[in-house]
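User: Could you zoom in on the packed interior of this one and walk me through it? I'd like one connected story rather than a list, with a glance at what lies around that part.

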Amino acid sequence: MAHTMSSRASVSAWLFFVIFCSISHLLLIPVAEAIWLTLPSSGTKCVSEEIQNKVVVLADYYVVDEVAQAHHTPTVSARVTSPYGNNLYHQENVTHGQFAFTTTESGNYLACFWLDGKHQEGGETTLSLDWRTGIAAQDWESVARKERIEGIELELVKLAGAVQAIHENLVYLKSREADMREVSESTNARVAWYSIMSLGVCIIVSGLQLWHLKRYFRKKKLI
């Protein structure tokens, strides 16, 4: 009977773990959804996201043709740059496109879109952008076919990927916090030394003023 109770407890613990991981997966992992950008007749519309190093980025974009006439569909230009200004993607005179890359540096990655010159008299244009990073950019159908898994096994693989992504994000945030703490401590040390130097200069100047005044009054025989 003790063995039966132990087995039931193990099954209950396993079910609780699966439910907890599923809920955590739904709450912590953002769902990738396309966003619509309204491109002005002149000027550029940009979106940015802070991404850590060694993260896969995948994006699809296309012009939303509200008029539904292919020969009147405006074309756009697109450019994606890294935090240090390196061009990762550049395309002109297109109605749709896709770009993918793996980040090599941490920071804000910028994607900019603008209408081509010959379409700037047509007013504003809507662009759909599906921007996915990390675990959201993973092609799970290909993984399932390659590993020959499905159902619960595939969900467990997804959960493992989500846990790995969360762990890497926490490590990245920890390193950022350490960098910010180091900068803060360095700034505080500089401010402290500046305050000590300022206090020392004030004391020296006050002493010189007292010495000068005392010498002046003695010379004038006032004291």
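Analyst: **Around the core**

Asparagine 93 is partly exposed, with a relative accessible area of 48%. It sits in strand β5, and its phi is near 55°, a positive value in a residue that isn't glycine. Keep in mind that this is a predicted model, and let's use that strand as our way in.

First, the layout. The protein chain has three helices and eight strands, and along the sequence they run α-β-β-β-β-β-β-β-β-α-α. Of the 223 residues in the chain, 26% are buried. Take the contacts between residues at least 6 apart in sequence: 74% of them join residues at least 24 apart.

Now the interior itself. The largest nonpolar core holds 23 residues, and the ones with the most contacts inside it are Tyr61, Val76, Phe99, Phe113, Leu127, Leu129 and Trp131. Strands β1 (35-39), β2, β3 (56-64), β4, β5 (87-94), β6, β7 and β8 each give two or more residues to this core. As background, nonpolar side chains tend to be buried together in soluble globular proteins.

Leucine 127 is a handy place to stand and look around. Setting aside residues up to four places away in sequence, Leu127 touches Ile35, Trp36, Leu37, Leu39, Tyr61, Tyr62, Val63, Val64, Val76 and Phe113. Three of the names in that list, Tyr61, Val76 and Phe113, also turn up among the core residues with the most contacts.

The core has an aromatic side to it too. The structure holds eight aromatic pairs. In one of them, the rings of Phe99 and Trp131 have their centres 5.8 Å apart and their planes at 70°; that angle is over 60, so the pair is edge-to-face. Phe99 belongs to strand β6 (residues 96-102) and Trp131 to strand β8 (residues 125-133), so the pair ties together parts that are 32 residues apart in sequence. How covered are the two partners? Phe99 has 3% relative accessibility and counts as buried, and Trp131, at 14%, counts as buried as well. Both rings also belong to one aromatic cluster, formed by Tyr61, Tyr89, Phe99, Phe101, Tyr109, Phe113 and Trp131.

Tyr109 from that cluster leads us to a polar neighbour, threonine 81. Thr81 lies in strand β4 (residues 76-81) and is buried, at 16% relative accessible area. Beyond its neighbours within four places in sequence, Thr81 is in contact with Asn86, Asn87, Leu88, Tyr109 and Leu110.

Next comes the covalent link. The count comes to one disulfide: Cys46 and Cys112, with their sulfur atoms 2.0 Å apart. The torsion about the S-S bond is about 110°, so this disulfide is right-handed. It links distant parts of the chain, with Cys46 in strand β2 (residues 45-51) and Cys112 in strand β7 (residues 107-115), 66 residues apart. The two ends are covered unequally: Cys46 is partly exposed at 34% relative accessibility, while Cys112 is buried at 13%.

Moving out to the surface, the loop between β2 and β3 carries lysine 54. Like Asn93 in our opening, Lys54 has a positive phi, about 60°, although it is not a glycine. Lys54 counts as exposed, because its relative accessibility is 68%. For the chain as a whole, about 16,300 Å² is exposed, with carbon and sulfur atoms supplying 59% of it.

Past the last strand, alanine 136 is found in the loop between β8 and α2 (140-147). Ala136 is partly exposed at 25% relative accessibility. From Ala136 to Ala165 is 29 residues in sequence and 10.0 Å in space, C-alpha to C-alpha.

Finally, a word on the far end. An unreviewed UniProt entry places a "transmembrane region" at residues 191-211. In the model that span is 100% helix and 0% strand, and its end C-alpha atoms lie 30 Å apart. Cysteine 202 counts as partly exposed, at 48% relative accessibility.

Note on methods. Residues are numbered from 1 along each chain as its sequence is written. This is a predicted model: local features need pLDDT of at least 70, side-chain atom pairs count only at pLDDT 80 or more; totals for chains, interfaces and linings use all residues. Side-chain values use heavy atoms; hydrogens and water are left out. UniProt positions are given in the numbering used here, feature names are shortened, and annotations may be inferred rather than shown by experiment. Helices (H or I, at least four residues) and strands (E, at least two) are DSSP runs, numbered from the N terminus. Rings of Phe, Tyr and Trp (its six-membered ring) pair if their centres lie within 6.5 Å; planes under 30 degrees apart count as stacked, over 60 as edge-to-face and the rest as tilted. Buried means under 20% relative accessible area, exposed over 50%, partly exposed in between (1.4 Å probe, protein chains only). Contact means heavy atoms within 4.5 Å. A disulfide is a pair of cysteine sulfur atoms within 2.5 Å. A nonpolar core is a set of buried Ala, Val, Leu, Ile, Met, Phe, Trp, Tyr and Cys residues joined through side-chain atoms within 4.5 Å. Accessible areas come from the Shrake-Rupley method with a 1.4 Å probe; for residues, only the protein chains shown count as cover.
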